[in-house]
Amino acid sequence: MNTEMKQSERKKGMGRVVLRLFAGLAAGGAVGFVLSYATFAVRGGIAETAEVLNRMFQENAWIFQIAFFAALTAVCLICLRRAAALLRKGGEEELDRAGEYQNTAQIANMADMILQFLLFGLAADGDNPKMLLSVALFLVSCASSMLLEGVVVRQVQRADPMKKGEVGSLRFNKEWLESCDEAERLGIYKASWKSFQVLNAFCPLMEAVALLGKMMFDTGNFPIILVTILWAVHTGVYCWYSALFDRRGAGE
């Protein structure tokens with residue numbers, strides 16, 4: 001009786017999964033149809049508007065570069081200063097709060113670097129009259145980001161001498177991970193697994209966007225190829241190291 005009930009529950013569960021799958025496909029198809037129809041309907045206006053906005057942005061890209069650099073660098077420096085003040089007190093609660101400020105500083109620094117790459121990439125055009133200024137600002141921001149990363153790492157190392165690694169060294173990530181305790185490693189592993197899941201779900205969406213761009217805005221095959229390469233490298237690296245660590249575990 002229990003076996004029959006379990007089989008019945010499994011069939012019902014599979015039925016619900018199939019139903020949800022078909023419902024998701026139907027909803028996705030409906031959304032895609034509506035977006036496609038709307039895009040084709042306003043395609044000409046969108047193309048003209050995008051061209052005008054692109055020209056305006058190229059001429060003023062340097063303003064955005066300076067604004068983001070100043071704001072995010074200020075956030076990073078303020079957080080580092082507050083972390084340093086807490087570390088001088090030396091209490092357990094102060095150390096935890098200092099770690100939060102250091103994480104915020106690192107996030108602000110990385111956000112600035114990502115935005116600078118984006119803005120520089122959009123501004124890099126032969127028709128941009130201020131392209132050299134954008135190049136100079138991009139180089140300054142990248143150098144500043146690397147210096148601030150080193151400051152954050154050295155501040156963490158002064159608070160915890162067990163942390164090893166030299167910023168700029170090819171072995172930095174390995175040495176840093178080896179110097180972390182078990183709790184810190186577990187947090188890194190969980191964050192890495194969550195990042196893998198998010199990117200693995202995000203890549204198919206980007207493929208769909210690249211395909212729509214090709215069909216509706218003549219963006220060509222390059223965005224599709226680029227997303228495919230990113231997806232393949234991301235998944236391939238995970239599979240390679242997963243198999244490698246499984247073999248090592250089996251050998252032990």
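This report describes the fold, the salt bridges, two buried residues and one surface patch of a predicted model.

## Overall architecture

The chain contains 7 helices and 0 strands, and its order along the sequence is therefore written without any strand symbol, as α-α-α-α-α-α-α, helices being taken here as DSSP runs. Of the 252 residues in the chain, 21% are buried. The surface that the chain exposes amounts to about 17900 Å², and 68% of this area is supplied by carbon and sulfur atoms. When contacts between residues at least 6 apart in sequence are considered, 60% of them join residues at least 24 apart.

An unreviewed UniProt entry carries the annotation "transmembrane region" for residues 21-42, 62-80, 131-153 and 222-241. Two of these annotated spans can be set beside the geometry of the model: residues 62-80 are 100% helix and 0% strand, with end C-alpha atoms 27 Å apart, and residues 131-153 are likewise 100% helix and 0% strand, with end C-alpha atoms that lie 33 Å apart.

## Salt bridges

The structure holds 3 salt bridges, which are listed below with the separation of their nitrogen and oxygen atoms.

| Salt bridge | N to O distance |
|---|---|
| Asp160 and Lys163 | 2.8 Å |
| Lys163 and Glu184 | 3.0 Å |
| Arg171 and Glu175 | 3.5 Å |

Which residues are joined into one network by salt bridges that share partners? In the pair formed by Arg171 and Glu175, whose closest N and O atoms are 3.5 Å apart, Arg171 is partly exposed at a relative accessible area of 44%, and Glu175 is partly exposed as well, at 24%. The network itself consists of Asp160, Lys163 and Glu184.

Within that network, Lys163 forms a salt bridge with Asp160 and another with Glu184. Asp160 is partly exposed, having a relative accessible area of 25%, and Glu184 is also partly exposed, at 30%. Lys163, by contrast, has a relative accessibility of 7% and counts as buried, because that value falls under the 20% cut-off. Lys163 lies in the loop between helix H4 (131-159) and H5, whereas Glu184 belongs to helix H6 (residues 182-217), so their salt bridge ties together parts that are 21 residues apart in sequence.

## Ser179 and the loop before H5

Ser179 is located in helix H5, which comprises residues 172-179. Is this serine buried or exposed? Ser179 is buried, because its relative accessible area is 15%, a value under the 20% cut-off.

The side chain of Ser179 takes part in two listed polar approaches, both to backbone atoms: it reaches the backbone nitrogen of Lys164 at 3.1 Å, and one of its polar atoms lies 2.8 Å from the backbone oxygen of Trp176. Leaving aside residues up to four places away in sequence, Ser179 touches Met162, Lys163 and Lys164. One of these neighbours, Lys163, is the residue that also meets Glu184 in a salt bridge, and this contact therefore places Ser179 beside a member of the network described above.

## Helix H7: a buried histidine and a nonpolar patch

Helix H7 covers residues 222-251, and His234 has its place in this helix. His234 is buried, with a relative accessible area of 15%. What does His234 touch, not counting residues up to four places away in sequence? The contacts of His234 are Phe196, Leu199 and Asn200. Phe196 is 38 residues away from His234 along the chain, and yet the C-alpha atoms of the two residues are separated by 7.9 Å.

A nonpolar surface patch of about 720 Å² is made by Ile225, Ile229, Val233, Val237, Trp240, Tyr241 and Phe245. Tyr241, one of these residues, has its place in helix H7 and counts as partly exposed because its relative accessibility is 41%, a value between the 20% and 50% cut-offs. Helix H7 thus holds both His234, which is buried at 15%, and Tyr241, which is partly exposed at 41%.

How values were computed
Residues numbered from 1 in each chain as written. Predicted model: local features only at pLDDT ≥ 70, side-chain atom pairs only at ≥ 80, totals over all residues. Heavy atoms only, no water. UniProt positions renumbered as here; feature names shortened; annotations may be inferred. Helix = DSSP H or I, 4+ residues; strand = E, 2+ residues; numbered from the N terminus. Buried < 20%, exposed > 50% of the residue type's maximum accessible area, 1.4 Å probe, protein only. Contact = heavy atoms within 4.5 Å. Areas by Shrake-Rupley, 256 points an atom, 1.4 Å probe, with all protein chains shown as cover. Polar contact = N/O pair within 3.5 Å; in protein donor to acceptor, adjacent residues only side chain to side chain. Patch = residues over 30% accessible without salt bridge, like charges linked within 9 Å, V, L, I, M, F, W, Y side chains within 5 Å. Salt bridge = Lys/Arg side-chain N within 4 Å of Asp/Glu carboxyl O.
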